[in-house]
Amino acid sequence: MTTPPLTFDARPLTDPVDPAAVRAFAAEVRARGTQGPAISTVIGIVIAVVAVLVLVPTVVTVILSLASFSDSPEAAAIPLLLIGLVLAAIGIMVWLGWRNGRDTRYRLNRFAQANGMSYEARVADPPLPGMIFSLGRSRLATDLVRGSTPRFVEFGNYQYTVQSGKNSTTYRWGYVAVKLDVPLPNIVLDAKGNNGFGSNLPASFQKEQRLSLEGDFDQHFTLYCPSGYERDALYLFTPDIMARFIDNAAQLDVEIVDDWLFLYTQRKVSTLDPATWAWLFGAVGALLTKFDQWARWRDERLLAESADAVASGVPVATDPALPFAPPVGLLTPPPGVAPQGRRLKRSGTWLPIVILIVFGAFWFWSRLN
């Protein structure tokens, strides 16, 4: 089962741009105070400063020392000329990175406007509930493209930094955030097609929460849902919805949390590549048509919290379309999720302990021999 991708205008991603218009847009963004130097530009500047302040004096000193042993001035000038060329090359690379970043933001803004969406260059520490948005520090979403029809959808690139002792690692993701009609249980689909030796997700979940679904869905995804919510997951992931995920999102990790659905990938999603946008628009478009039935889901566990309302004579409301339609005379559960279903239980990792045990055993064996 496949759904044709949503039609969109990709020309702003590849058409030639007017340099004056690019400069004007950059000035407008700076005036709004939403744009600082691009990460690539900062890295390039840091490299250039290190080269000038540390490497260049050292190399010049060595070269001059070696040249003092030569009787030819030309031989001493050649290394200095090479150093000048290297510095010029570094400067050009920094300038090209700055210019390309500015052009990219301008193109993405025009792309968003051409397709009835909006663009924002960067958002620090975005307030989203997905698993990747609460990790590390220096959290930053960039090149956000947002649409509001038929429901709110946000495409963005995201990064955060994790400190480990004196070392730090920056992790980069692309994501799509889709606003849902009602809060749903925390469900994760770990795509098997993008895994390496293990899951590529930044979190691991207790095995007791793993749920096997019918058909060949388990060949493409590992599904986790809170304990006791297996029937709810089966209601949400009907065969037709499972087919949509297999056909359109098999390379994307999926998380449902609160009233959001997130699609994750370890590559940029907000890019100048029309093929990437066609893939993402097709995946989102195929899923959007099925979210209306998710809006009817209700958590029957919330009925207990409404028992007092029943006793006090509040009018009864029943809906036979609900997956867990209450018997006549009981309240329909309100939208929401009971506390036990709002978050999956995480599992700790045994890898550091295993490594420590293996290292200790090897050290003890080497001492004995």
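Which residue has its charged end sitting over the ring of Tyr-229? The residue is Arg-301, whose charged end lies 3.6 Å from the centre of that ring. A charge sits over a ring here if NZ of Lys or CZ of Arg is within 6 Å of the ring centre and within 35 degrees of the ring normal.

Before we go on, a word about the model. It is predicted, so local features need pLDDT of at least 70 and side-chain atom pairs count only at pLDDT 80 or more, while totals for chains, interfaces and linings use all residues. Residues are numbered from 1 along each chain as its sequence is written, and side-chain values use heavy atoms, with hydrogens and water left out.

Let us turn to the aromatic rings. Rings of Phe, Tyr and Trp (its six-membered ring) pair if their centres lie within 6.5 Å; planes under 30 degrees apart count as stacked, over 60 as edge-to-face and the rest as tilted. By this rule there are 25 aromatic pairs. In one of them, Phe-111 and Trp-277 have ring centres 4.8 Å apart and planes at 45 degrees, so the pair is tilted. Phe-111 belongs to helix α4 (residues 73-114) and Trp-277 to helix α7 (residues 274-288), so this contact links distant parts of the chain, 166 residues apart. Helices (H or I, at least four residues) and strands (E, at least two) are DSSP runs, numbered from the N terminus.

Are these two residues buried or exposed? Buried means under 20% relative accessible area, exposed over 50%, and partly exposed in between (1.4 Å probe, protein chains only). Phe-111 has 0% relative accessibility and therefore counts as buried, and Trp-277, also at 0%, counts as buried too.

Another ring pair brings us to the strands. The ring centres of Phe-133 and Tyr-158 are 4.8 Å apart and their planes stand at 55 degrees, so this pair is tilted. Phe-133 sits in the loop between β1 (118-124) and β2 (137-147), and Tyr-158 is in strand β3 (residues 153-164), so the pair ties together parts 25 residues apart in sequence. Phe-133 is buried at 3% relative accessibility, and Tyr-158 is buried with a relative accessible area of 2%. Both residues belong to a cluster linked by ring pairs, whose other members are Phe-152, Tyr-160, Tyr-171, Trp-173, Tyr-175, Trp-260, Phe-262 and Tyr-264.

How do the strands themselves fit together? Two strands pair if DSSP finds at least two bridges between them. Strand β3 pairs with strand β4 (residues 167-191) in the antiparallel sense over twelve bridges, and Val-153 stands opposite Val-178 of β4. The hairpin of β3 and β4 has two residues between the strands, and Gly-165 there takes a positive phi near 65 degrees. Strand β4 also runs antiparallel to β7, joined by ten bridges; Val-176 has Leu-263 in β7 as its bridge partner. A further antiparallel pairing, over four bridges, connects β4 with strand β6 (residues 221-224), where Leu-189 is partnered by Leu-223 of β6.

Charges make contacts as well. Side chains of opposite charge can pair when their charged atoms come close. A salt bridge is a side-chain nitrogen of Lys or Arg within 4 Å of a carboxyl oxygen of Asp or Glu, and the count comes to twelve salt bridges. Arg-146 forms one with Glu-120, the closest N and O atoms being 2.7 Å apart. Arg-146 lies in strand β2 and Glu-120 in strand β1, so the pair ties together parts 26 residues apart in sequence. Arg-146 is partly exposed at 22% relative accessibility, as is Glu-120 at 26%.

Arg-146 also forms a salt bridge with Glu-154, again with closest N and O atoms 2.7 Å apart. Glu-154 counts as buried, at 5% relative accessibility. Elsewhere, Arg-343 and Asp-258 meet in a salt bridge of 3.0 Å, N to O. Arg-343 lies in the loop between α9 (307-311) and α10 (351-368) and Asp-258 in strand β7 (residues 253-265), so parts 85 residues apart in sequence are tied together. Arg-343 is partly exposed at 41%, and Asp-258 is partly exposed at 26%. Shared partners join Glu-120, Arg-146 and Glu-154 into one network of salt bridges.

Finally, back to helix α7, the home of Trp-277. Eleven of the 15 residues of α7 are buried, so the helix is mostly covered; among them are Trp-277, Leu-280 and Phe-281.
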